[in-house]
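Trainee: I'd like to practise reading a model feature by feature. Could you walk me through one?

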Amino acid sequence: IKWIRSVMPNKAKLHIAWFGGEPLLEKKTIFEITKKINVLSKELKFQYSSSLTTNGYLLTKDFIDNIEKLSIKQIQITFDGNREFHNKYRFLINGQGSFDNLIENITKLISKKTDVCSIIIRVNCTDENYESLIDLLNSFPENIRSQISIFFRWVYPSKIKGFKDFSSRKKGEEPYINISKLYREAQRLGWIVKTRNSKIKYNFCEVDFLNHFYINPSGDLFFCSHRTESKDSIGSLNYSVVINYHSGSFDFVEV
């Protein structure tokens, strides 16, 4: 909160994306921080909004009822395939899968909060689960598909995965071809589809935003959520950060 106070004077908007691990394990923290930000927003006269990326298991009724109070405008819920594949990777300590619970929670969410925030289903796609994804689309009740956006994304190659490329279905084939097939089928089944458009010539990275920061669990600050090693840190929440973008230098002032 001290850091937000230090960076928000003369700015019009603040957006926080609650991200994990699993942010709903820290509901109390989300409520406490939001309450303090609401006080600050009135004092410093800025607009506040937030978004949430969650595995969906802890989307309980009490939290759903507070979505508007928490200024959450978008909720992204992640799946790892149809019931079989999702439960293979997303299970409880007793071995029980979480798939059916998610469908139930999303149905409750849709029935109450589509007028307050948009709902996105993010599907983590791999060579292993690709053939199961049409079955996943059909697992959702028909009456709620038109109220949910669907987002298919190949799993990122990363250091922990040995930089394996999950998107090469066939040698030499452009990775998006197989994703586009899923989007076409999703649209046919009544889902909201927002996908690539040949007329769009520009894309962006979070780093392109002057005041975007990623904060890790230790309170370290980064420009990008994909560069989170300590050597890439530009500061800490123990400091307020003044950034000179023209010279490329950083000035840190202890608070």
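Mentor: Happy to. Let's begin with a pocket: the second largest pocket has a volume of about 190 Å³. Keep in mind that this is a predicted model.

Trainee: Which residues are the closest to the centre of the second largest pocket?

Mentor: Look at Y89, T126, E128, V155 and F166, which are the closest to its centre out of the 11 residues in the lining.

Trainee: And how does the lining split by class?

Mentor: The lining has five charged residues, along with three polar and three nonpolar ones.

Trainee: Let's step back to the whole chain. How many helices and strands does the secondary structure come to?

Mentor: Eight helices and 11 strands. Of the 255 residues in the chain, 40% are buried. Then check how far along the sequence the contacts reach: among contacts with a separation of 6 or more, 61% are between residues 24 or more positions apart.

Trainee: How should I read a sheet? What is the order of the strands in the six-stranded one?

Mentor: Start with order and direction. The six strands form an open sheet in the order 1-2-3-4-5-6, and the pairing is parallel. Next, find the edges: strand 1 (13–18) and strand 6 (192–193) each have a single partner strand, so each has one side without a neighbour in the sheet.

Trainee: How many bridges join strand 1 to strand 2?

Mentor: Six bridges, with the two strands running parallel. To get the register, use the facing residues: K13 stands opposite Q47 in strand 2, and A17 stands opposite S51 in that strand.

Trainee: What about strand 3 and strand 4: in which sense do they pair, parallel or antiparallel?

Mentor: Parallel. Strand 3 (residues 72–79) and strand 4 (residues 118–125) are linked by six bridges. Here you can take Q74 as a marker, since its bridge partner in strand 4 is S118.

Trainee: Which residues sit on the covered face of strand 1, and which on the uncovered one?

Mentor: L14, I16 and W18 belong to the covered face, while K13, H15 and A17 belong to the uncovered one. Compare that with strand 2, where seven of the eight residues are buried, so strand 2 is largely enclosed by the rest of the structure.

Trainee: And the helices packed on the sheet? Which strands does helix 2 lie across?

Mentor: Helix 2 (residues 27–44) lies across strand 1 and strand 2 (47–54). For direction, read the angle: helix 2 runs at about 180° to strand 1. Helix 8 (residues 176–188) lies across strand 4, strand 5 (149–154) and strand 6, and its angle to strand 5 is about 165°.

Trainee: There's another sheet. What order do its three strands follow?

Mentor: The order is 7-8-9 in an open sheet with antiparallel pairing. Strand 7 (214–215) and strand 9 (235–236) are the edge strands, each pairing on one side only. Strand 7 is joined to strand 8 (residues 220–222) by two bridges, and Y214 has F222 as its bridge partner in strand 8.

Trainee: Now the backbone. What should I expect of phi and of peptide bonds in general?

Mentor: Most peptide bonds are trans, and most residues other than glycine have a negative phi. So the exceptions are worth a look. In this model, a cis peptide bond joins G20 and G21, with omega about -5°. G21 is placed in the loop between strand 1 and helix 2.

Trainee: Which residues other than glycine can you show me with a positive phi?

Mentor: Two to look at are N10, with phi near 70°, and S71, with phi near 60°. N10 is in the loop between helix 1 (2–7) and strand 1, and S71 is in the loop between helix 3 (61–64) and strand 3.

Trainee: Is N10 buried or exposed? And S71, buried or exposed?

Mentor: N10 has 83% relative accessibility, so it counts as exposed, the cut-off being over 50%. S71 has a relative accessible area of 13%, so it is buried, that is, under 20%.

Trainee: One last feature: where is E142 found?

Mentor: In helix 7 (residues 142–145). E142 is exposed, with a relative accessible area of 66%. Now trace the chain: E142 and G190 are 48 residues apart along it, and their C-alpha atoms are separated by 7.4 Å.

Methods: Residues are numbered from 1 along each chain as its sequence is written. This is a predicted model: local features need pLDDT of at least 70, side-chain atom pairs count only at pLDDT 80 or more; totals for chains, interfaces and linings use all residues. Side-chain values use heavy atoms; hydrogens and water are left out. Two strands pair if DSSP finds at least two bridges between them. Helices (H or I, at least four residues) and strands (E, at least two) are DSSP runs, numbered from the N terminus. Contact means heavy atoms within 4.5 Å. Axes are lines fitted to C-alpha atoms, for helices over the stretch in contact, and angles run from 0 to 180 degrees between N-to-C directions. On a 1 Å grid over the protein atoms alone, a cavity is a set of points where a 1.4 Å probe fits but cannot get out, and a pocket is an open set with protein on both sides within 12 Å along at least five of seven lines; lining residues have an atom within 4 Å of a point. Grid points are joined across faces, edges and corners, and a volume is the space filled by probe spheres set on the points. Ala, Val, Leu, Ile, Met, Phe, Trp, Tyr, Cys and Pro count as nonpolar, Asp, Glu, Lys and Arg as charged, and the others, Gly among them, as polar. Buried means under 20% relative accessible area, exposed over 50%, partly exposed in between (1.4 Å probe, protein chains only).
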